[in-house]
Each structure stands twice: as structure tokens, then as C-alpha cells.
Amino acid sequence: MSRSLTAQRLSESAHGGFKRLDCFRKARAYAVKEYVGTYMAQKYGITGEKPINLVFLSIRALVPNLIQKAGTTKVLTNILQQREYAEKLGLALSDLHKKLKLHKILRAGVVDTALSGLSIYKTSLSASGQKLSISPDIDVDPMQIYTQAVSLDDLTVDPLCRSFDTAGFIGHRVRIERAKLMGLKGWDKGLIKRLPRAGSRHSSVDRSELLTQEDPGSSTYNAWQDYVNIIEVWVPDAGAICYLPDPEEAIAKDFLKIEEYYGPPTGPYTFGSLTQPVPDNPFPVAPVGVWRDLADMTNRLFRKAMDQADRQKNVGVYNPANFDAAEAVHDAVDGEMVASDDPQGVNIQSFEGADPGTVQMTQNLYGWYNLCAGNPDMMSGSAINSDKATGQQILQQNASVSISDMRDMQYEVTADIASKQAWYLHNDKLLFQIGQPGIPLIKRQSTGEEQQLYL
């Protein structure tokens, strides 16, 4: 282990990692608000504030084109004698993905990728009695492999790294009950007792979870359970997993716990994106950052056109000499005939109404938005207005290239997660129950019959 690895130095560096992500967290929080609309965290709203939520419509079209349901994992090898084992390993991974409902985890990651530019996953093994790094919505048994989505709000990374592959450390914030930490072996109990209550000192107001929380730091909310924030940090050069108090609440002088890292050499974290890399930076461009301006402009003009349409009115204008005829026209029902000596003396004039130029500009903005967003109209199956079949074919081809590229990126992310899971299946003997020949698997033959196998 590196002699230079001290709790205070790592805590200060992790604090710098959180600071480096400040702008990204603020942009993500704003993007989440755009995605959910203006009414989720408001008790009262005004109809028409956001008449068309283009960000939501784009993500709704994007996600099912990238991830629909749990797939089948196929493990390949160039060593002929090991192909049977590779096939069994693929069956075991497919079974694990169904248990973890991996497609839901990946869908959440794709939404986060569209909003923040980055999806973050952690793959590890749930140690017996230690589940602090498992999200509350994932049910993981002891000694089970798991994959969880990590929020960008909780990520800390080497503040000087140019890529995640060369980062000096990567970690994330964990919110956990103080009593649970006190019950774990090998932890600094005195330091745990001194940890501040979660939310009591946190200065960040840009976390997306606050969208539906009025006052999360209030004692009323935390009185029934004592939660604390800690960070779990992977340090590749030291081969260690370090647990520290949240550096945004207090800089630590001692470790809560430090243990040898056990897992694949590439580490527990997997990062994904849907855009091309940015030179000399680990953070990609968030797609919603490209869409947002056009979405805002489209909504502003949409509201303007709606206001103009609301002001539209039909008013009867008549010559005072034709008062009787005007009254008769006013009281007449549809289809009724009204006699008048001067029919031109009574006219119905239309005032206000949506300006054709405003409506046309709104349509233009929507077309530009559709172009910048990667053609969600095509992805969602909506009809595209095109004067010629050739133009529509070009649009479809361009959309196919874009969506195929994003699918390839998502396949790489999923393959990286599966490779980490396969490492534990291959190396951890505690996953196998004593007295059984291996992990039970079922293979369906081409004849429809099922065959019992064991990994």
C-alpha cells in the first residue's frame, strides 16, 4: 500500500473531486427539472407554463431504442477447449441479469446519460452483513453479485485526471444509518459517533433529489432515523477501498475503514455516454445541453401562439341604421334566415388570433430541435413530413446511423458490466454452495427440451 495514502490527503482530494463536478451537478439538476416539467415540486401551477415537454418526449423515444428488456449474454473465447465453459458462464450471467433486473438499471442509466452526459454503474459483491453500498431499491442477498446505478450527485473523482481509466481514485457518497455502521466489524466506532447527521452540514442545493423535498435537513424529517453520509473510495495504485466521512461535511484525519480491494483489475466502476469524447476531459457532453435552448425557445413561442389564440374573438359591427337587423342576426340560430334591406350593413369581424408567422416559427424551431436531438420523431415512429420520398429516406438513414452508434456505445457499457460480473463468477468460490457441483443452470435445446447444467 502506498505510504503517501493518508486519510486527510485522500479526504481533501475527494473534496476537490466533488468541487470539480459542481457545474455538472447544477446542469444536471436543471436538466432533471426540464425532464419532469414544472409541476412536480409545486403545490400550484399555471396551465400552459410548459405546453410541450420536448426533453421528456425525446428521452421517451430514446430509451426503448437502446434498451427494451433483459437480453441474453454470450461469452466468447478463442480457446476451443473452454468454449463449453464460456457457454455456461454466459447462461449464468443471463440468469444473474434477470435476478438483478439489469435492464431497469441500464434504463435509469440511459436517462441519466441523456440528462447529464454520463451514466455511472458500480459492480461488486455483497459481503456477508455489509450492504452499505447497495441502493435501497435493490434487494441483494449476502455474497451475491450486484450492479447499481451511482448518481452524479454522489460521484467524486481524481480532480486532475483526464480520463476515468487513469484516475488516481474514484468514489461515491453513501447514505446509511449510523446504527448499521456501528454494528459492522472493523470500523472506527468513535469516528462514527462523531459523524454529523446527514443533511445537517451539506451545502449543496443542486442535488436532483431536492426537487421533491421541501426541507430535507429539518429535524422533523430525520428525527425517526439517524442517517450519516460517508464516501467509499477506490484507490487503484494502493489496491484499497477506503471509507471516509463525507468531505463536503468534514475533512477526515482518520479512515472509517480501509480494506484491500477485491474485484476485477479494471475496478468496480463503469462509465457510459451517448456522445463523442471531449479531448483531455473525462466528462462527455450532455445531449440535453444541446437540446435545451431550442426546447425553451419552442415553448416560449408555443405559449405566445396560445395567448394569441386565446385573445381571438369575433365581433359584430353594424350601421346604427340597421340595429333591428343586427339584433336579428345576434339572436338567430344556426341556419336561420334573416331579412335585411342592407345585408352589408351588418358584418362579423375577427380580431387577434394566432399570428401565422409565430405558428410557422414554432414549427421551424421544432424541426431544428428534432434535428439536434437525433430525430426522436423517427425513433418514436411518428410520421415525418417530407415533400419527397428521397428526403424521407435520407432522414431515416441518418437516424439509423445515429441510433446505431448510440446502441454500440450502450453495448460496450453492458459488456463491461458483464465482464466485471463474470470475474466474480469465475474467481469467487463462496458463490458456490457446498455440496453442489456448481451454480445450477438450464439450457434449452433446439428441440425444445431443457438440459440441466452446472457452472
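In helix 4 of this predicted model, the buried residues are Ala86, Lys88, Leu89, Gly90, Ala92, Leu93, Ser94, Leu96, His97 and Leu100. Helix 4 has 18 residues, and the distance from its first C-alpha to its last is 26 Å, close to the 26 Å expected at 1.5 Å a residue. An α-helix has 3.6 residues a turn, so residues three or four places apart point the same way.

Helix 4 is followed by Lys101, whose phi is positive, near 55°, although Lys101 is not a glycine. This residue, Lys101, lies in the loop between helix 4 (83-100) and helix 5, and with a relative accessible area of 45% it counts as partly exposed, because buried means under 20% and exposed means over 50%.

Beyond that loop comes helix 5 (residues 102-116), whose 15 residues should span 21 Å at 1.5 Å a residue, and whose end C-alpha atoms are indeed 21 Å apart, which agrees. Helix 5 is mostly covered, since eleven of its 15 residues are buried; among them are Leu102, Ile105, Leu106, Val110, Asp112 and Leu115. Just after helix 5, Gly117 takes a positive phi of about 90°.

A positive phi is also found at Asp280, a residue other than glycine, where the value is near 60°. Asp280 is placed in the loop between strand 8 (269-272) and helix 9 (287-311), and its relative accessible area of 51% makes it exposed.

The report now turns to charged side chains. A search of the whole structure finds 15 salt bridges, and three of these pairs are set out in the table below.

| Salt bridge | Closest N to O distance | Places of the two residues |
|---|---|---|
| Arg25 and Glu248 | 3.7 Å | Arg25 in helix 2 (residues 22-36), Glu248 in the loop between strand 6 (240-245) and strand 7 (257-260) |
| Glu248 and Arg173 | 2.9 Å | Glu248 in the loop between strand 6 and strand 7, Arg173 in strand 4 (residues 170-177) |
| Lys420 and Asp416 | 3.8 Å | both in helix 13 (residues 389-427) |

Arg25 forms its salt bridge with Glu248, and because Arg25 lies in helix 2 while Glu248 lies in the loop between strand 6 and strand 7, the pair ties together parts that are 223 residues apart in sequence. Both Arg25 and Glu248 are buried.

The side chain of Glu248 also meets that of Arg173 in a salt bridge, and this pair links distant parts of the chain, with the two residues 75 residues apart. Both Glu248 and Arg173 are buried.

The salt bridge between Lys420 and Asp416 joins residues that both lie in helix 13, four residues apart, about one turn of the helix. Lys420 counts as buried at 1% relative accessibility, whereas Asp416, at 26% relative accessibility, counts as partly exposed. Salt bridges that share partners join Asp22, Arg25, Asp154, Arg173, Asp246 and Glu248 into one network.

Charge of one sign also gathers on the surface, where Asp324, Glu327, Asp331 and Glu336 form a patch of negative charge. Of these residues, Glu327 has its place in helix 10 (residues 323-331), and with a relative accessible area of 37% Glu327 is partly exposed.

Two further pairs show how residues separated in sequence are placed in space. Arg407, which lies in helix 13, is partly exposed, with a relative accessible area of 29%. Although Arg407 and Leu66 are 341 residues apart in sequence, their C-alpha atoms are 5.6 Å apart in space. Met361, for its part, is found in helix 11 (residues 356-372) and is partly exposed, with a relative accessible area of 31%. Met361 and Leu301 are 60 residues apart in sequence, and the distance between them in space is 7.7 Å, C-alpha to C-alpha.

Definitions and conventions
Residues are numbered from 1 along each chain as its sequence is written. This is a predicted model: local features need pLDDT of at least 70, side-chain atom pairs count only at pLDDT 80 or more; totals for chains, interfaces and linings use all residues. Side-chain values use heavy atoms; hydrogens and water are left out. A salt bridge is a side-chain nitrogen of Lys or Arg within 4 Å of a carboxyl oxygen of Asp or Glu. Buried means under 20% relative accessible area, exposed over 50%, partly exposed in between (1.4 Å probe, protein chains only). The expected span of a helix is 1.5 Å times one less than its number of residues. Patches are made of residues with over 30% relative accessible area and no salt bridge: like charges are joined within 9 Å, nonpolar side chains (Val, Leu, Ile, Met, Phe, Trp, Tyr) within 5 Å. Accessible areas come from the Shrake-Rupley method with a 1.4 Å probe; for residues, only the protein chains shown count as cover. Lys and Arg count as positive and Asp and Glu as negative; His and the chain ends are not counted. The place of a charge is taken as NZ of Lys, CZ of Arg, CG of Asp or CD of Glu.
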